Amino acid sequence: MASPADDRWKDMVRAQPAVTAADREAGSAARAVSFALELTDDGLLLKIRRDDGRIALVELSPDMALYLREYLTNGLASIGYIRPRP
């Protein structure tokens, strides 16, 4: 029998940080210039090189990686980067 669905996503959604007006100001966020993804025993490590030379390292569970993929896909579609299929 299959395992029950994991519903921890509800906690993740409730814990999302708000994006503030200060976050939106020009120059307030570093830009990513490259990234690497490494598999771990139970998830992924996302390593991002920023335009200021610093490195950000984020550990993602499989669920969080899937959520991130969906958010990125929806965000790209919202700004018109992904065109709908005919």
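Two strands pair if DSSP finds at least two bridges between them. Strands (E, at least two residues) and helices (H or I, at least four) are DSSP runs, numbered from the N terminus. This is a predicted model: local features need pLDDT of at least 70, side-chain atom pairs count only at pLDDT 80 or more, and totals for chains, interfaces and linings use all residues. Residue numbers start from 1 along each chain as its sequence is written, and side-chain values use heavy atoms, without hydrogens or water.

**View 1. An open sheet has 3 strands in the order β1-β2-β3.** The pairing is antiparallel. The edge strands are β1 and β3 (55–60), and each pairs on one side only. From one strand to the next, the twist averages 20 degrees. For this angle, axes are lines fitted to C-alpha atoms, and angles run from 0 to 180 degrees between N-to-C directions.

**View 2. Strands β1 and β2 run antiparallel.** Strand β2 spans residues 44–50, and 7 bridges join it to β1. Look for three residue pairs across the two strands. S34 stands opposite R49 in β2. A36 has K47 as its bridge partner in β2. E38 faces L45 of β2 from the opposite position. A hairpin of 4 residues links β1 to β2. Strand β1 (residues 32–39) lies largely in the open, because the number buried among its 8 residues is 0. Buried means under 20% relative accessible area, exposed means over 50%, and partly exposed is in between (1.4 Å probe, protein chains only).

**View 3. Strands β2 and β3 form a second antiparallel pair.** They share 6 bridges. L44 stands opposite L60 in β3. The hairpin has 4 residues between the strands. In its turn, G53 has a positive phi of about 90 degrees.

**View 4. Helix α3 covers residues 62–78.** The helix has 17 residues. From first C-alpha to last, α3 reaches 24 Å, close to the 24 Å expected at 1.5 Å a residue. The expected span is 1.5 Å times one less than the number of residues. Just after α3, G80 takes a positive phi of about 85 degrees.

**View 5. L76, I79, Y81 and I82 make a nonpolar surface patch of about 430 Å².** L76 belongs to helix α3. It is partly exposed, with a relative accessible area of 34%. Patch residues have over 30% relative accessible area and no salt bridge; nonpolar side chains (Val, Leu, Ile, Met, Phe, Trp, Tyr) are joined within 5 Å, like charges within 9 Å. A salt bridge is a side-chain nitrogen of Lys or Arg within 4 Å of a carboxyl oxygen of Asp or Glu. Accessible areas come from the Shrake-Rupley method with a 1.4 Å probe; for residues, only the protein chains shown count as cover.
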